[in-house]
Amino acid sequence: MSGRDKEREIMDILVLNGSPRPNGNTAALVCAFAGGAREAGHAVEVIDVAALDIAGCKGCEFCHTRGDGACVQRDDMEQVYARWNEADMLVLASPVYYGSFSGQLHCAIHRTYALGVPERARKMALILSSGAADVYAASERIYHGFIQGYFGAEDCGVFTAAGAENRSSAKLEELRAFDRSL
């Protein structure tokens, strides 16, 4: 084992997959990402937030007044909350619908307001899938301008795939190779 390998940080990675299609293009990209990370020795948990029952944030401020960081709503968001402060790296993955993340991923992101900035996550990445190129600008602005920037996390990359790229061996290998390089 080289000195570089010994120094490499083994991370706990949390992926929030916002795709409502369990076997869709985003899922294929997430699978490649997770596979590469696991090959590199990282622990990876993928939470398919679109398959969960997660309501939108009510903006009631219960979490920051009487709730002591707990949301007033009790739903499947508890699965995300359980992992939020444990992960060393957060990865957001979503198809791009109407120029932005899926509604399901938006709901999950908004509901993390209850917990605030993740305690341990110092790295982040974004995976976006679409049927057309050049539709990623709004998602990237939200990611860089708010989420990753606000969290103060290192941006490890934005990975996009459009059309036939989504399941291409080159794109899937790009994601696997990225994870092995973490």
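A polar contact is taken here as a pair of N or O atoms within 3.5 Å, where, within protein, one atom must be able to donate a hydrogen and the other to accept it, and residues adjacent in sequence count only if both atoms are side-chain atoms. The model is predicted, so that local features need pLDDT of at least 70 and side-chain atom pairs count only at pLDDT 80 or more, while totals for chains, interfaces and linings use all residues. Residues are numbered from 1 along each chain as its sequence is written, and side-chain values use heavy atoms, with hydrogens and water left out.

**View A. Polar contacts of asparagine 17 in strand β1.** The side chain of asparagine 17 reaches the backbone nitrogen of serine 19 at 3.0 Å, and also makes a polar contact with the side chain of aspartate 48 at 3.0 Å.

**View B. Surroundings of asparagine 17.** Asparagine 17 counts as buried (under 20% relative accessible area, with a 1.4 Å probe and protein chains only), because its relative accessibility is 3%. Residues in contact (heavy atoms within 4.5 Å) include Thr26, Val30, Val46, Asp48 and Ala93, not counting residues up to four places away in sequence.

**View C. The open sheet and helix α2.** Five strands (DSSP E runs of at least two residues, numbered from the N terminus) lie in the order β2-β1-β3-β4-β5 with parallel pairing, two strands being paired if DSSP finds at least two bridges between them. The edge strands, β2 (43-48) and β5 (154-162), each pair on one side only. Helix α2 (residues 25-39; helices are DSSP H or I runs of at least four residues) packs on the sheet and touches β1, β2, β3, β4 and β5.

Technical notes. Axes are lines fitted to C-alpha atoms, for helices over the stretch in contact, and angles run from 0 to 180 degrees between N-to-C directions. Buried means under 20% relative accessible area, exposed over 50%, partly exposed in between (1.4 Å probe, protein chains only).
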